[in-house]
Amino acid sequence: MTIEETGIIMDILTTAYPRFYSGPDAPDKVKTLTLWAEMFARDEVALVAAAVKALIESDRKGFPPHIGAVKAKLRLISGGDEMTKAEAWGIVAKALRNSTYGSKEEFEKFPPVIKRIVGSPSQLREWGAMDSETVHSVVASNFQRSYKTIAQREREIAKLPPDVKALVGKIADGKKMDALPEKKPELPPPEERAVPAPREKLMAAINPRTGRSREEVLAMLKGGAGP
């Protein structure tokens with residue numbers, strides 16, 4: 001909404017709650033208008049008006065709705081029904097039928113949240129190769145648990161103002177960019193690397209009848225002592 005469109009919303013609230021917006025304790029009109037315009041900058045005025053009117057209609061306390069309540073009602077009006085964890089797994093289960101040769105194609109059909117949980121076409125193909133009982137019990141349970149967690153997080157992020165939401169996105173991208181490359185194990189210098197002992201020498205060194213200590217066995221294997 002623009003400042004002018006936000007003024008329409010303020011007119012609705014002022015008309016419905018005249019006592020709240022007048023008198024010495026009334027909120028500052030300019031600051032209130034500016035804040036509402038900022039918080040609903042990416043929302044359509046018609047939808048915000050519908051959300052405000054719905055809250056006014058169900059109000060029993062005589063107080064105007066706050067920004068958080070309007071945002072929640074707005075998401076309810078414009079967001080539609082959220083996919084349940086069972087419905088999300090149903091999409092994956094259907095894709096598993098074609099995962100042997102069509103894992104990549106099926107993976108690309110997934111909504112972003114399901115892609116995040118499955119991870120890759122190869123994972124989908126791996127699930128498809130498992131026995132049905134394990135897939136529809138263990139895998140399904142783990143998937144639905146992950147979906148519930150991620151869906152809840154995305155709901156919370158959706159409640160954030162646009163500028164804060166953008167900051168969250170930048171932080172997430174930064175973590176990906178700053179990820180350290182996988183460190184390869186360092187090998188010791190050639191002169192310090194152990195040389196495999198001949199089989200006869202190895203068997204003699206570890207023979208329990210000799211009663212040799214650990215240090216003596218290591219010395220024999222390094223060539224420091226005779227058989």
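Okay, let's start with the first two helices: the axes of α1, residues 3-16, and α2, residues 29-39, come within 9 Å and cross at roughly 115 degrees. That crossing is right-handed. Keep in mind that this is a predicted model.

So who's touching whom? On the α1 side you've got Ile-3, Thr-6, Gly-7, Ile-9, Met-10 and Leu-13, and they meet Thr-32, Leu-33, Thr-34, Trp-36 and Ala-37 from α2. Sort the residues of that contact by type and you get seven nonpolar, four polar and no charged.

Now, zooming out. The chain has twelve helices and zero strands. Buried residues make up 25% of its 227 residues. The accessible surface comes to about 16500 Å², and 57% of that belongs to carbon and sulfur atoms. As for contacts with a separation of 6 or more, 61% of them are between residues 24 or more positions apart.

On to the cores. The largest nonpolar one has 21 residues, and Trp-89, Val-92, Phe-110, Ile-114, Val-118 and Phe-143 have the most contacts inside it. Two or more residues each come from α5 (85-96), α7 (112-118), α8 (121-129) and α9 (132-158). The top contributor is α9, with seven residues.

Take Val-92 as an example. Leaving out residues up to four places away in sequence, Val-92 touches Phe-110, Ile-114, Val-118, Leu-124, Trp-127 and Phe-143.

Apart from that core there's another one, of 18 residues, including Trp-36, Met-39, Phe-40 and Leu-55. And Trp-36 takes us back to where we began, since we met it in the contact of α1 with α2.

Methods:
Residues are numbered from 1 along each chain as its sequence is written. This is a predicted model: local features need pLDDT of at least 70, side-chain atom pairs count only at pLDDT 80 or more; totals for chains, interfaces and linings use all residues. Side-chain values use heavy atoms; hydrogens and water are left out. Axes are lines fitted to C-alpha atoms, for helices over the stretch in contact, and angles run from 0 to 180 degrees between N-to-C directions. Helices (H or I, at least four residues) and strands (E, at least two) are DSSP runs, numbered from the N terminus. A crossing is left-handed if the near helix is turned anticlockwise from the far one by less than a right angle, and right-handed if clockwise. Contact means heavy atoms within 4.5 Å. Ala, Val, Leu, Ile, Met, Phe, Trp, Tyr, Cys and Pro count as nonpolar, Asp, Glu, Lys and Arg as charged, and the others, Gly among them, as polar. A nonpolar core is a set of buried Ala, Val, Leu, Ile, Met, Phe, Trp, Tyr and Cys residues joined through side-chain atoms within 4.5 Å. Buried means under 20% relative accessible area, exposed over 50%, partly exposed in between (1.4 Å probe, protein chains only). Accessible areas come from the Shrake-Rupley method with a 1.4 Å probe; for residues, only the protein chains shown count as cover.
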